[in-house]
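Dear colleague,

I am handing over the structure below, and I would be grateful if you could look through it before reading my notes. What I found in it follows underneath.

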Amino acid sequence: MPGAQHLSDSADLIKMLRAQLDQNKVVGAICAAPAVILAHHNLIPGRQATCYPAGKFMAKIDKSWKVCSERHWQSGLEKK
């Protein structure tokens with residue numbers, strides 16, 4: 001995912017994310033970002049995260065972390 005990788009390479013973004021987490025604030029990340037950004041920079045441990053369940057993304061996330069990969073929402077509507 002080139003977009004997520006570019007964001008992961010941004011030192012300014014990583015600094016902002018660490019500041020948010022240090023203040024116990026919520027950080028949002030979608031699609032590949034939890035694996036490509038948050039996991040890569042070790043920003044998930046001790047927190048809950050949701051990641052797109054593709055194998056290439058889930059493989060980047062440490063198995064001891066609390067990660068939900070089930071599909072709960074689709075197109076803004078709750079999955080039945």
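**Notes on the structure**

Ser8 is buried, its relative accessible area being 4%. Please keep in mind while reading that this is a predicted model.

Ser8 belongs to helix H1, which covers residues 2-8, and, when residues up to four places away in sequence are not counted, Ser8 touches Ile14, Val36, Ile37, His40 and His41. Because buried means under 20% relative accessible area, the 4% of Ser8 places this residue in the buried class.

One of these partners, Ile14, is also part of the largest nonpolar core, as is Ile37. That core has ten residues, the others being Leu13, Leu17, Leu21, Ala33, Leu38, Ala39, Leu43 and Ile44. Two or more of its residues come from each of helix H2 (11-22) and helix H3 (33-39). A second core, separate from this one, has six residues, among them Ala32, Ala35, Val36 and Phe57.

Within the largest core, Leu38 deserves a separate look: leaving aside neighbours within four places in sequence, Leu38 is in contact with Leu17, Val27, Ala29, Ala33, Leu43 and Ile44.

Gly28, by contrast with the buried Ser8, counts as exposed at 71% relative accessibility, and Gly28 lies in the loop between H2 and H3. Gly28 and Leu38 are ten residues apart along the chain, and their C-alpha atoms are separated by 9.9 Å.

With best regards

Conventions: Residues are numbered from 1 along each chain as its sequence is written. This is a predicted model: local features need pLDDT of at least 70, side-chain atom pairs count only at pLDDT 80 or more; totals for chains, interfaces and linings use all residues. Side-chain values use heavy atoms; hydrogens and water are left out. A nonpolar core is a set of buried Ala, Val, Leu, Ile, Met, Phe, Trp, Tyr and Cys residues joined through side-chain atoms within 4.5 Å. Buried means under 20% relative accessible area, exposed over 50%, partly exposed in between (1.4 Å probe, protein chains only). Helices (H or I, at least four residues) and strands (E, at least two) are DSSP runs, numbered from the N terminus. Contact means heavy atoms within 4.5 Å.
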